[in-house]
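Hi everyone, thanks for coming. I'd like to walk you through a structure this morning, so please have a look at the screen while I talk.

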Amino acid sequence: MKPPNLFFSILLTGMNAAVRAVVRMGIYVGAKVYFIHEGYQGMVDGGDNIKEATWESVSSMLQVGGTVIGSARCKEFRTHEGRLKAAHNLVQRGITNLCVIGGDGSLTGANLFREEWSGLLNELLEQGLINEEAVSSNSVLHIVGMVGSIDNDFCGTDMTIGTDSALHRIIEVVDAIMTTAQSHQRTFVLEVMGRHCGYLALVSALACGADWVFIPEMPPDDGWEDNMCQKLSESRSRGSRLNIIIVAEGATDRQGQPITSSFVKDLVVRCLGFDTRVTILGHVQRGGTPSAFDRILGSRMGVEAVLALLEASTDTPACVVSLVGNQAVRLPLMECVQMTQEVQKAMDEKKFDEAVRLRGSYVCMNAALCHLQSSFNVAVLNVGAPAAGMNAAVRSAVRVGITEGHKMFAVNDGFEGFAKGQIKEIKWGDVGGWTGQGGSLLGTKRTLPAKRLAKIAEQMRIHNINALLVIGGFEAFESLLELYEARAHHEEFCVPMCILPATISNNVPGTDHSLGADTSLNAIVETCDRIKQSASGTKRRVFIIETMGGYCGYLATVGGLAAGADTVYIYEEAFDIRDLQANVEHLTQKMKTTIQRGLVLRNENCNENFTTDFIYQLYSEEGRGVFDCRKNILGHMQQVRRKCDFSSSRCALGS
């Protein structure tokens, strides 16, 4: 088996998760894995820049931003002589598999290196630097790429490593800015990264409820200045105390003239007289602790990359590991690179509609809206436990409904409030500022409608409700089933009904992700990071942490993957005392090495007998003399946070 190797080109948060996954998956399948420090430069220079990796060398790196093995741009690798040096350094170590993380430039360079490989080996042979045996045993170079870019500008993948963490940085800044903006009735213009791609600007604008956004792929129509100022003025006249405008750094008008944050500020001050400030986020977006999503994405891509290398044959083309839907897939590398370059070509030629089409669905959200001629009375309510993103989803649904000509009604306290008639029309301005609010501002109950069907039907008749949008978890799912089954007895229920899954447990059938699950995962991962850091400098310690999730092990499993847990106990995978004993013995042996911290996650309902206290006492007793234990029950801090899921606005638009 040829030993896989990995190297990187651009410093990005979330990259270390991919490094860790490649190393451990490679070692797990019996391969040698090498670090190449400082990217292409390290491959050209060789020496100590290329070192064999061990299982322990990637411990405690999931929570570290950037890349622990360094990164550097290398002009020398762009030359034939530089690539010849790199080939010599790899052949000396018998490395013929490369795992590359970077943008389209880095991946293109890797593919060129692969295409030249045979010629480079022949040159090294002619120069006497290698022998015939080395040429024969290293005759084929396999390449697998993973895309690392906070801009999410690579065609063929839904998300690139680092993008979600960058979005978190942006939203953290916006949340902080909105408090001072509201206090002083200010307008803030935020400039975010995105020289050629508007993903960060557009999605952060959706997530924070911005008033206006500028992106490179869709320059505003001529006369945008008057339109924007009119919208901002209307917002203030409806009672809003602040305005948020987000500008991608590469935004231009239809003539190709840059639209800068300072230009937008001067325009607002001159035309409206609003107190306006500019904030340029810069490289803050690139750093910081990786989000749970990026840790999982990097881990999944790293595992898939190793599998791709193991399965590669002599005629296998270079591939890139991408995320399509919720699946890690392999796509032809150069086809994706070519499509990515076509986007920039279309933008340079001012073919913006073509650029939007090539870029993908994220820029085309408004095009997905159905422009119906008829008007509906649509009721929106929350059912089940609160989940982050509920309020953002209600806001988006209300405003999209109003835009489409429908009358929107808000129902307080779920179906219990529905039966009592707690229904009122909700206007555009009523949902202002809801995106950043945690919990459920409409109020929510777990009550199912079965015992109140007649009263709910009466209220639907009184308010002439023509459609129903229920935002909630498994209780919402069951509620709509009950209403559906009651259609034979109550014709009022013979209307369009839709559920938007929102539960931290992520246990609603038919969806990969529910609103609230991502925010809850980040709460778990951040807490685990802090708990482990709290023991820094102390003796060896194991933490037993209980998560929520009911009888669904999603939070514990994915949280354990993202936080680097040693063991996870969930309801879906039964375990007995023998499994506990084996886990304790394994962790005890591990803690006798250089490892200082252990992490065990337990789903709250994984086993009625093996409680958190029981597992804590078991580990404490069996680990006596090797490590001590601490337990933490995270509780409702996982459920309600101020931040919203980045998917909430998009889900509501789709609904």
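Here is a warm-up: in which loop does G65 lie? G65 sits in the loop between β3 (50–52) and α3 (80–92). Before I go further, please keep in mind that this is a predicted model.

Let's stay with that loop for a moment. G65 counts as partly exposed, because its relative accessibility is 28%. Its C-alpha is 5.1 Å from that of T289, although 224 residues separate the two in sequence. The loop between β3 and α3 also holds S60. S60 is not a glycine, and yet its phi is positive, at about 55°. With 58% relative accessibility, S60 counts as exposed.

K350 is another residue other than glycine with a positive phi, in this case near 60°. You'll find K350 in the loop between α11 (333–348) and α12 (352–359). Its relative accessibility is 44%, so K350 counts as partly exposed.

Now to a helix, α4. It runs over residues 104–126, which makes 23 residues. From the first C-alpha to the last, α4 reaches 33 Å, close to the 33 Å expected at 1.5 Å a residue. Where does α4 bend, and by how much? The bend is at W117, and it comes to about 55°. W117 is also one of the buried residues of α4. Others buried in this helix include S106, L107, G109, A110, N111 and F113, and further along L120, L121 and L124. As a reminder, an α-helix has 3.6 residues a turn, so residues three or four places apart point the same way. After α4 comes G128, with a positive phi near 80°.

Next, the inside of the protein. In soluble globular proteins, nonpolar side chains tend to be buried together. Which residues have the most contacts inside the largest nonpolar core? They are M146, L190, L200, I244 and I246, in a core of 48 residues. Let's zoom in on I246. Setting aside neighbours within four places in sequence, I246 is in contact with L190 and V192, with A201, S204, A205, C208 and A210, and with W212, V213 and F214. There is also a second, separate core, made up of 42 residues, and among them are V380, V525, I531 and F543.

I expect someone will ask about cysteines. How many disulfides does a search of the whole structure find? The search comes back with zero. Take C197: the nearest cysteine sulfur belongs to C155 and is 8.7 Å away, and C197 is in no disulfide. C197 counts as buried, because its relative accessibility is 1%. And why is C552 without a bond to the closest cysteine sulfur? That sulfur, in C606, is 13 Å from the sulfur of C552, which is too far for a bond. C552 is buried too, with a relative accessible area of 13%.

Last stop: G625. This glycine is in the loop between α20 (612–622) and β21 (628–633). Is G625 buried or exposed? G625 counts as exposed, because its relative accessibility is 81%. Measuring from C-alpha to C-alpha, G625 and R540 are 9.8 Å apart in space, with their places 85 residues apart in sequence.

That's my tour, so over to you for questions.

Key
Residues numbered from 1 in each chain as written. Predicted model: local features only at pLDDT ≥ 70, side-chain atom pairs only at ≥ 80, totals over all residues. Heavy atoms only, no water. Helix = DSSP H or I, 4+ residues; strand = E, 2+ residues; numbered from the N terminus. Buried < 20%, exposed > 50% of the residue type's maximum accessible area, 1.4 Å probe, protein only. Core = buried A, V, L, I, M, F, W, Y, C linked by side-chain atoms within 4.5 Å. Contact = heavy atoms within 4.5 Å. Expected span 1.5 Å × (residues − 1). Bend = angle between axes of the 7 residues up to and from the residue. Disulfide = S-S within 2.5 Å.
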